[in-house]
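Q: I'm new to this structure and would love a close look at one part of it: the surroundings of the ligand. Could you walk me through that, and then show me a few other spots to compare?

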Amino acid sequence: MQYLNLFIQPIPNTVVFPYSSLQLYDVDCYIQLLHSQYIGLVSQINDNQPNVQTISQYSQYGTLVHVTTKQDESSNFCNAFAFARFRINSFCQVSPFLIANVEILNDEIKTDDTEILSTFKEAVKIYMENFSLLPNALLKQKIDEENNIVKLQYQVANRIQIPFNQKLRLLQMNDNRERISTMIQYLNHKMTQYSTSNELEQIFKQELMSEMQNNGENLINQTEQIIPQMQEQELDYQQQYVQSLPWQILHPEAVSISECKQILDQRHYGLDLAKQPIKFLTKSTGSILCLHGHPGVGKTSLAQSIAESLGRPFQKISLGGVSDEAQIRGHRKTYVGAQAGMIMEAIKKAKCVNPVILLDEIDKINQYTVGSALLEVLDPEQNKCFMDNYVNEEFNLSQVLFISTANYIESIQPALRDRLEMIEIPSYTIDEKEKIAIQHLIPKQLELNGIDGKVEFQYLITNYTNESGVRQLERQINSILRKIALQQVRGNRKGSYNINKGFVNQCLGESTIIYKNIRLQSVGMCKGLNDGMNILEIIKTKGQGNLFQQSKDQYIVEQGITAQSYLRNCFKHIQFQNWDVTVANQNCLGVCVAVAMVSLFMNKKVKSSVAFAGELSLKGSIFRQYNLRDSIIQAAESGVESIIIPSQNVGDIQNLEPSIKKRITLVDHIEEVFQLAFEDGFTYQHYPNL
Ligand SMILES: Nc1ncnc2c1ncn2[C@@H]1O[C@H](COP(=O)(O)OP(=O)(O)OP(=O)(O)O)[C@@H](O)[C@H]1O
């Protein structure tokens, strides 16, 4: 696709098709101002109110025109030649004149278009014969010899006398076949309409003959000349661009490794694992870190701090939603409106060969097109001679320190994942959030809001933030401080503030945390961990032993079936076959479903203070559940006193705070879980199969 920013000349109630020569009035100043010989003609649809201009008045399609020469020095007219259609993407400027970003449309001729071409030629010839325009052997021969279907159809479209809206419709058609069939209809219709009108015959005859004869060969020649001219101009820009790149400029590293660490510690609380690699960053070339974790845990800001601590320029490339490889590797320079890719753009802005470039949200790209381009960028073996299509010369990227961030590393394609050095940025506990708030967020926001004095925030942190990171917390601190700043400006209050419940409620409204100390109301409910803490609910209705599950996740559904099968096998005295079971709010694995089912069928309430996790096997064994750490923290924060997890997850709890660790019980079999789950206990002696 070719994109261009164009000066737009509106043309009221007129349509100009490609392959036509024309004269334009008073466009010279724009050409000089914009340093471009190309302008876009766009039909102005509603000219009833010429003084009121709105963008909706303009057709979305227009014609690209090359302005060639001025008629003479004193004249305001310029010669121009229309040669392609375009579609307007957006208006970049409306006043004092229009500039739009347009996509040039390629009216391709397909080889299988020959049939419709001959039908069309016949229609044009019959039309002319009927109007007694022939015998004109030359004209007939020209039509026969014309193999460029696009050219022929536009020439006829330019000449045919049809209403404005029909012409506009032709211009807006992207399918050549559709345009030609429509024109055949118009030609046939006109034949019936004007077969008696001698006057119109004459007009048509004169116009068609003179245009075909004058423009026939010339038009092709002109088009062939214009494209190279356009490319020459683009080539100038391209050469300037290549020269502006910092080919040899190495930015000096300003600080020592110990200073780096000091700077990082000053700016970021904790994150020791992420701060460690800094020790070898300065020596290594081509290290690619991937900081991954939940939103707001400090990935982007840490990358920025790493750059600052190294004294290197920092550039961020937002990859979220990038789906076209050319956005990374650049367009070939032969494209109209070609550009370099994001990597070279970042290098150009950084003005050195060794900046820190952040590839933000590497998990949100189209993994198979953009992912492959990034493989080349990030591979230390290949990136020494990275070739951007637009620059078209090898550029050494090996001195760049690339850092990437991701929320979910599972979404990154395996080959790319392989090249990244993964560093997990874990979610914060309430204690950690409190420390981050006190040491970093509050001082930062106090300064930003120009407040003096002491502000206590404890209530806010424990009650108003239900997130893994601290972004929401920072926002809420900011809202409260703005309120305080306002009070100080009005002279209402001075000195220290205790941000107590009343003050927070007044600023932010009632607390919105859902699962804080929630009590389970009835049997068939339990608290389960998966992607946070969930409340699982199960109900039974008279039926035939069906299991209805709401989840669309196959793994979760299979876990539900496993739990039911396990219980059917062990609890033979329960008539499972007479009941249909519906599992609601389901995001939990087998252990949790099994507990809720036992609760429902044996009428035993599950303890509100316990939460469960773990994958269940058909024989009742409990296996590791992935990504459990954050859910454990969330459960603890929501007041759960006992957290039951598979012993295979022991590795996930090593770095948790002691206050959370002591709430955890590790289990291997569902029998152990049942003993811990119910308010009135659980004994096995009644169930010999267990
Ligand atoms: N450990 C920390 N110490 C100090 N401030 C922190 C810490 N973690 C996060 N912050 C602050 O939290 C805010 C959000 O951080 P940042 O934008 O870096 O998060 P992120 O992980 O990149 O989020 P996302 O995935 O949504 O882009 C920033 O203002 C940052 O300074």
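A: Before we start, a word on the labels: helices and strands are DSSP runs, a helix having at least four residues and a strand at least two, and they are numbered from the N terminus. Please also keep in mind that this is a predicted model.

Let's begin with the ligand. It is surrounded by 19 residues, and the closest of them are P295, G298, K299, T300 and S301. Three elements each give two or more residues to this shell: α11 (299-310), α16 (430-449) and α18 (471-490). Of these, α11 gives the most, with three residues. In character, the shell divides into ten polar, six nonpolar and three charged residues. If you prefer to think in domains, domain 3 (257-424) and domain 4 (430-508) each supply at least three residues of the shell.

Now for the other spots. Helix α21 covers residues 590-601, and at 1.5 Å a residue its twelve residues should span 16 Å; the C-alpha atoms at its ends are 16 Å apart, so the model agrees with that expectation. Twelve of the twelve residues of α21 are buried, which means the helix is largely enclosed by the rest of the structure. Among these buried residues are G590, C592, M597, S599 and F601. Just after α21 comes N603, which takes a positive phi of about 55°.

Next, find K351 in the loop between α13 (342-350) and β9 (356-360). K351 counts as partly exposed because it has 13 C-beta neighbours inside 10 Å, where 12 or fewer would make a residue exposed and 20 or more would make it buried. Leaving aside residues up to four places away in sequence, K351 touches P246, I249 and P313. I249 is 102 residues from K351 along the chain, yet their C-alpha atoms are separated by 7.3 Å.

For the last stop, look at L41, which sits in strand β3 (residues 38-44). With 23 other C-beta atoms within 10 Å, L41 is buried. Again leaving aside residues up to four places away in sequence, L41 touches Q9, I11, V16, G62, T63, V65 and A82. The C-alpha atoms of L41 and L64 are separated by 6.5 Å, and the two residues lie 23 residues apart along the chain.

Methods: Residues are numbered from 1 along each chain as its sequence is written. This is a predicted model: local features need pLDDT of at least 70, side-chain atom pairs count only at pLDDT 80 or more; totals for chains, interfaces and linings use all residues. A residue is near a molecule or strand if its C-beta atom, placed from the backbone, lies within 6 Å of it. Ala, Val, Leu, Ile, Met, Phe, Trp, Tyr, Cys and Pro count as nonpolar, Asp, Glu, Lys and Arg as charged, and the others, Gly among them, as polar. Domain bounds come from an automatic or database domain assignment. The expected span of a helix is 1.5 Å times one less than its number of residues. Two residues are in contact if their C-beta atoms, placed from the backbone, lie within 7 Å.
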